[in-house]
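Trainee: I would like to go through the labels used for this model and ask what stands behind each one. Shall we start?

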Amino acid sequence: PQRQQQQQQQQQRQQPGETSGRPPATGNMAARGGPATAGRGGPGNMPQPTKQSQELEIRYFIIRSNSQDNIDISVQMGAWATLKFNEEKLDNAFNTCDEVRLLFSVNTSQCFQGYAVMRTPVGQYNGRVIWSNGQPFGNPFAVEWKCLFNLKYDQVSSMRNPLNDNMPVTKARDCQELPANLGNKIVDIMEQAARQAGAPPPPKASAAAAGAAATGTATLAVSQTPDQMQGHQQRGQHASMQQQRQGNWGQKQQLRRK
């Protein structure tokens with residue numbers, strides 16, 4: 001009886017958790033039934049997602065141009081304009097998602113020439129744009145060119161667009177939308193090919209427009225592969241002609257007002 005009484009007294013002196021040789025469960029350990037480990041514990045230790053870490057909602061549209069000259073003008077001026085019935089589509093996308101990307105393709109070129117990002121709603125471009133026909137057109141909006149490179153259709157022709165009756169992505173009318181996953185793939189292929197070819201990055205839209213207005217010239221960032229050098233020289237000559245047209249159009253407007 002005396003030994004039994006001593007054992008009971010010893011058990012009363014023990015603190016909770018000592019019988020197992022481990023400290024008492026607290027915090028995340030109590031909730032999970034195990035020890036709390038800094039950096040990989042329960043929900044309390046998990047980093048909370050931020051706006052920067054979340055994926056942006058990006059929408060893609062294929063833009064058709066009837067000439068390379070108009071692509072060059074877009075790069076110079078940091079602007080684009082589209083047909084009236086496409087304006088609402090682009091405006092809606094601009095106002096409801098994080099970013100609108102435009103994949104440009106010149107008719108009959110069998111290439112994508114690059115892509116740009118919308119920077120203003122339709123009609124909000126701060127300036128006048130004269131296109132290759134010597135006339136203004138539509139309601140220009142600001143764009144920022146992100147990549148300029150001739151990506152041949154055969155590099156992406158296997159992709160099918162579910163938003164266009166599952167047709168190949170290369171068969172599209174002006175302002176045809178692409179799912180983001182397909183647009184991302186085309187952009188990734190284009191940017192990788194541009195890096196491998198050593199193509200320079202496009203100029204910033206504001207710098208291109210300001211330089212053209214101040215000096216009457218524009219620096220065009222285009223791929224410098226051998227088969228494109230001749231076309232680049234021709235586009236450089238067109239840049240000067242384009243600035244002359246801009247000035248001539250302004251003079252005509254002044255004469256009409258007089």
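Trainee: Where does T108 lie, and why is T108 called exposed?

Mentor: T108 lies in the loop between β3 (99-106) and β4 (111-118). Strands here are DSSP runs of E with at least two residues, helices are runs of H or I with at least four, and both are numbered from the N terminus. Exposed means over 50% relative accessible area, buried means under 20%, and partly exposed is in between, with a 1.4 Å probe and protein chains only. T108 has 78%, so it counts as exposed. Keep in mind that this is a predicted model, in which local features need pLDDT of at least 70 and side-chain atom pairs count only at pLDDT 80 or more, while totals for chains, interfaces and linings use all residues. Residues are numbered from 1 along each chain as its sequence is written, and side-chain values use heavy atoms, with hydrogens and water left out.

Trainee: What makes the phi of T108 worth listing?

Mentor: Most residues other than glycine have a negative phi. T108 is not a glycine, yet its phi is positive, about 70°. C175 is another such residue, with phi near 75°.

Trainee: Is C175 buried or exposed, and how do you know?

Mentor: C175 has a relative accessible area of 0%, so it is buried. C175 lies in the loop between β7 (167-168) and β8 (176-178).

Trainee: What makes N86 count as buried?

Mentor: N86 has 2% relative accessibility, and therefore counts as buried. N86 is part of helix α4. Its C-alpha atom is 8.2 Å from that of D174, although the two residues are 88 apart along the chain.

Trainee: How do you know that K84 and E87 form a salt bridge?

Mentor: A salt bridge is a side-chain nitrogen of Lys or Arg within 4 Å of a carboxyl oxygen of Asp or Glu. The closest N and O atoms of K84 and E87 are 3.6 Å apart, which meets the rule. The two residues are three apart in helix α4, so about one helical turn separates them. K84 is exposed at 64% relative accessibility, whereas E87 is buried at 9%.

Trainee: How many salt bridges does the structure hold?

Mentor: There are five. Among them is E99 with R101, with closest N and O atoms 2.7 Å apart; both of these residues are buried.

Trainee: What makes E144 and K146 a pair?

Mentor: Their closest N and O atoms lie 3.3 Å apart, and this makes a salt bridge. E144 is buried at 12% relative accessibility, and K146 is partly exposed at 33%. R119, E144 and K146 belong to one network, joined by salt bridges that share partners.

Trainee: Why is L83 called partly exposed, and which patch does L83 help to form?

Mentor: L83 has 37% relative accessibility, so it counts as partly exposed. L83 sits in the loop between β2 (79-80) and α4 (84-96). A patch is made of residues with over 30% relative accessible area and no salt bridge; nonpolar side chains (Val, Leu, Ile, Met, Phe, Trp, Tyr) are joined within 5 Å, and like charges within 9 Å. L83, F85 and F137 form a nonpolar surface patch with about 320 Å² of accessible area together, as given by the Shrake-Rupley method with a 1.4 Å probe, where only the protein chains shown count as cover for residues.

Trainee: What makes helix α3 mostly covered?

Mentor: Eight of the ten residues of α3 (68-77) are buried, including N70, I73 and M77. After α3 comes G78, with a positive phi near 65°.

Trainee: Where is E191, and why is E191 called partly exposed?

Mentor: E191 is in helix α5 (residues 180-197). Its relative accessibility is 25%, so E191 counts as partly exposed. E191 and G114 are 77 residues apart in sequence, with C-alpha atoms 8.9 Å apart.
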